[in-house]
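Subject: Handover of a structure and the findings from it

Dear colleague,

Please find the structure below, together with its sequence. The notes after it set out what was found, and I would be grateful if you read them with the model open.

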Amino acid sequence: MKKIGVALLGLGVVGGGVWEILTTKREMIKRNEGLDIEVVKVLERNIERCKQLGVDASIVTQDMDEIARDENVDIVAEFFGGVEPAKSFLIKALENGKSVVTANKEMFSKSWHELEAAAKKTGAGIYFEASCVGGVPVIRTLTDSMQANEITSLKGIVNGTTNYILSKMSDEGADYETCLKEAQKLGYAEANPTADVEGFDATYKNSILSSLAYRKRVPVEKVYREGISEVSVKDIEFGKQLGYTLKLLAISKLVNGKIEARVHPAFIHANHPLASVKGSFNALYIHGDNVDDVMLYGRGAGSLPTASAIVSDIVFAGGKDVHRRYFWEDEIEVNDDDFATDFTTAYYVRIAINGEDGALAKVAKAFENANINVKNVLKKNETDGEYLVLVTEETKESNMKSTLETVKGLSCTDDICAVLRVEN
Ligand code: HSE
């Protein structure tokens, strides 16, 4: 039976889960896959953690060079966060002919091509199923199950922390700060949750998924980003009254041959399948020209769900003699013209008004003058003031921005309190 030696870099939440699965499922994987996968090295400083998991001290090291030189190591699996030292360690492993498996979306989205260049020198492979949507097999669906399709769009909920927060704000009317604290307590959000709540984590994932979908490098900087920290429970409630649910969406699509990639909170119809994705669950919609819509759903975070994807990559890599290449070119030029910027979407706008007569007519006229159709209006008298809430038909972002400047200048307007996109 083919033997595969694995080195685990880090035994934290995900690394510990991988150790657990590889240990408890070793016989099952032998039986089902004909591969005997053994952890032969662990890079971990925390000796107590090693003891707690029952890792033999003889395989624990703190020296990456020792792992890179070890002939018994075929695959290196990494579970650090952040770019360094993960990137340098994985490049070292690839240059020594070891395939790598990673869950590190930030490092991978920013350094993909450097890793590919190192892999090409030795023929080693790079596997990153766990980098996007945790245990849900989105990467291999795109690469191994949809080759007959031109992918034209992706839409999904790819961050568990923000989905947990928005679901709780919507279901319980709790405010943002309370929900964030709860998410941290439950271990969904990081101690410093900026990457989650400001949408960075979702842009890393969008960059990876879009690059695969369109087979063109989509750098993180080309993914438009807005987070949820400014979202108020009032808008979630008003949106609900209009039949919408608010989600942090990762969206990318081909529009007239250009890639439009973005991450931002958006209202979707309450009967859209993504509206029922609650709590820390994730889901991704992929549209292929032949297969039509494919929707994948499951746990996008957590120790064992993420470890499940890592182990699947280890098994996949272990069974391959020739590894997959994603981009064959050594240098990938990023051409600004390949990316769309002035997006077209529908909008939800909440305007604070001051009680002046005819406010609705004045605001409606400003939208009409800009050729923006308003399809829904709510007039709300709240304890903190009076509001007009409008939902528009689709328009260009630039047109909406200039129209809102006009509305802001009207004598009846106190403030533009919220501007959120509405997606079909
Ligand atoms: N912090 C991430 C999330 C973990 O909340 O989705 C999984 O990538």
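A cavity, as the word is used here, is a set of grid points where a 1.4 Å probe fits but cannot get out, and its volume is the space filled by probe spheres set on the points. Please note from the outset that this is a predicted model.

Cavities

A search of the whole structure finds 2 cavities of 30 Å³ or more. The largest cavity has a volume of about 60 Å³, and the second largest has a volume of about 40 Å³.

The lining of the largest cavity is formed by Tyr127, Phe128, Glu129, Ile139, Arg140, Thr143, Asp144, Asp313, Phe316, Arg324 and Tyr326. Two helices, H7 (138-144) and H13 (303-318), each supply at least two residues of this lining. The greatest share comes from H7, with 4 residues. By class, the lining of the largest cavity has 5 nonpolar, 1 polar and 5 charged residues.

Around the second largest cavity lie Ser109, Trp112, His113, Ser207, Ser211, Arg217, Val218, Pro219 and Phe327. Here helix H6 (105-122) and helix H11 (200-214) each supply at least two lining residues, and H6 gives the most, with 3 residues. The residues of this second lining divide into 4 nonpolar, 4 polar and 1 charged.

Helix packing

Two packed helices are described by the angle between their axes and the distance between the axes. Three pairs are set out below in those terms.

H6, met above at the second largest cavity, also packs against helix H5 (86-95). The axes of H5 and H6 are 8 Å apart, at an angle of about 15°. Angles under 35 degrees count as roughly parallel, and H5 is therefore roughly parallel to H6. The crossing of H5 and H6 is right-handed. On the H5 side the contact is made by Ala86, Lys87, Leu90, Ile91, Leu94 and Glu95, and on the H6 side by Met107, Ser111, Glu114, Leu115, Ala118, Ala119, Lys121 and Thr122. This contact of H5 with H6 has 8 nonpolar, 2 polar and 4 charged residues.

H13, which supplies residues to the lining of the largest cavity, packs against helix H1 (residues 13-24) at an angle of about 60°, with the two axes 8 Å apart. That angle makes H1 oblique to H13. H1 passes H13 in a right-handed crossing. From H1 the contact draws on Val13, Val14, Gly17, Val18, Glu20, Ile21 and Leu22, and from H13 on Ser303, Leu304, Thr306, Ala307, Ser308, Ile310, Val311 and Ile314. In the contact of H1 with H13 there are 10 nonpolar, 4 polar and 1 charged residues.

Helix H8 (residues 160-172) and helix H9 (residues 176-185) have axes that come within 9 Å and cross at roughly 135°. H8 is therefore oblique to H9, and their crossing is right-handed. The residues that meet are Thr161, Tyr164, Ile165, Lys168 and Met169 in H8 and Tyr176, Cys179, Leu180, Glu182 and Ala183 in H9. They comprise 7 nonpolar, 1 polar and 2 charged residues.

Points in the loops

Three loop residues may also be of interest to you.

Pro85 lies in the loop between strand E4 (75-78) and H5. The peptide bond that leads from Glu84 to Pro85 is cis, with omega near 10°.

Val133 is placed in the loop between strand E6 (126-127) and H7. Although Val133 is not a glycine, it has a positive phi of about 60°.

Ala340 is found in the loop between H13 and strand E13 (344-353). Which residues is Ala340 in contact with, leaving aside its neighbours within four places in sequence? They are Lys258, Ile259 and Glu260. Ala340 and Ile259 are 81 residues apart in sequence, yet their C-alpha atoms are 5.7 Å apart in space.

As a route through the model, you might begin with H13, which takes part both in the lining of the largest cavity and in the packing with H1. H6 could follow, with its part in the second lining and its packing with H5.

With kind regards

Methods. Residues are numbered from 1 along each chain as its sequence is written. This is a predicted model: local features need pLDDT of at least 70, side-chain atom pairs count only at pLDDT 80 or more; totals for chains, interfaces and linings use all residues. Side-chain values use heavy atoms; hydrogens and water are left out. Axes are lines fitted to C-alpha atoms, for helices over the stretch in contact, and angles run from 0 to 180 degrees between N-to-C directions. Angles under 35 degrees count as roughly parallel, over 145 as roughly antiparallel, 65 to 115 as roughly perpendicular and the rest as oblique. A crossing is left-handed if the near helix is turned anticlockwise from the far one by less than a right angle, and right-handed if clockwise. Contact means heavy atoms within 4.5 Å. Ala, Val, Leu, Ile, Met, Phe, Trp, Tyr, Cys and Pro count as nonpolar, Asp, Glu, Lys and Arg as charged, and the others, Gly among them, as polar. On a 1 Å grid over the protein atoms alone, a cavity is a set of points where a 1.4 Å probe fits but cannot get out, and a pocket is an open set with protein on both sides within 12 Å along at least five of seven lines; lining residues have an atom within 4 Å of a point.
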